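Visitor: I am new to this structure and would like a close look at a single part of it. Could you choose one helix and follow it into the interior, step by step?

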Amino acid sequence: MAPLNPDLAGRVFPPTNYLVGREKIREFARAVRSTNPLHHDVEASRAAGFPDVVAPPTFSTVVLGPAVTQLMESPGTGIELHRVVHGSEKIEYRRPIVAGDDLSTTLTIVDVSERGGNSFLSTICEVCDETGALVATVTSSFLHRGDA
């Protein structure tokens, strides 16, 4: 198994889009066992000052999905999906994600390194709304296991 392509550092992938649906938020909230009315009830969300139901914080994983898939399936990266382990993730929100948001995600590879026969890949995703305003920044690291 060859290590990941070190020339990936600095690569910026084309933006991906995700239209946030009310039922997707509700399904995700049920999956993570959130009973917070803001994730289920439009009227409760509006009463709290939001235009629609509010996504749980980890919903950003769903929004990032197309961008991460684009990275994992890109030729020339050296990535073998069965060797990838998600290491860490940090989410910084400027505002909550709500139903009706039309979001774009731009993924940038920040760093590629090798240690102990394993490769490490660090990324940053910027999630913006339809006006271009930053909604969230998600910093992630991935371990690409070596042969050992």
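Guide: In this predicted model, the buried residues of helix H1 pack against two other helices, H2 (42–47) and H3 (60–73). H1 itself runs over residues 22–31, and its buried residues are Ile-25, Arg-26, Phe-28 and Ala-29. These four lie on the same side of H1, because they cover an arc of only 165° around the axis. Just after the helix, Arg-33 takes a positive phi of about 60°.

From here the view can widen to the nonpolar core. The largest such core holds 30 residues, and Phe-59, Leu-71, Ile-97, Ile-109 and Leu-121 are the ones that touch the most other members. H1 is one of the elements that give two or more residues to this core, along with H3, strand S3 (102–115), strand S4 (118–128) and S5, while H3 gives the most, with five residues. As for Ile-97, leaving aside residues up to four places away in sequence, its contacts include Val-20, Phe-59, Val-63, Leu-103 and Val-135.

Leu-121, named above as a core residue, also helps to line the largest cavity, together with Leu-4, Met-72, Ile-79, Val-84, Phe-142, Leu-143 and His-144. About 30 Å³ of space lies in this cavity, and a search of the whole structure finds one cavity of 30 Å³ or more. Strand S5 (residues 134–144) provides the largest share of the lining, three residues, and by class the lining has seven nonpolar residues, one polar residue and no charged ones.

Notes
Residues are numbered from 1 along each chain as its sequence is written. This is a predicted model: local features need pLDDT of at least 70, side-chain atom pairs count only at pLDDT 80 or more; totals for chains, interfaces and linings use all residues. Side-chain values use heavy atoms; hydrogens and water are left out. Buried means under 20% relative accessible area, exposed over 50%, partly exposed in between (1.4 Å probe, protein chains only). The arc is that of the directions from the helix axis to the C-beta atoms. Contact means heavy atoms within 4.5 Å. On a 1 Å grid over the protein atoms alone, a cavity is a set of points where a 1.4 Å probe fits but cannot get out, and a pocket is an open set with protein on both sides within 12 Å along at least five of seven lines; lining residues have an atom within 4 Å of a point. Grid points are joined across faces, edges and corners, and a volume is the space filled by probe spheres set on the points. Ala, Val, Leu, Ile, Met, Phe, Trp, Tyr, Cys and Pro count as nonpolar, Asp, Glu, Lys and Arg as charged, and the others, Gly among them, as polar. A nonpolar core is a set of buried Ala, Val, Leu, Ile, Met, Phe, Trp, Tyr and Cys residues joined through side-chain atoms within 4.5 Å.
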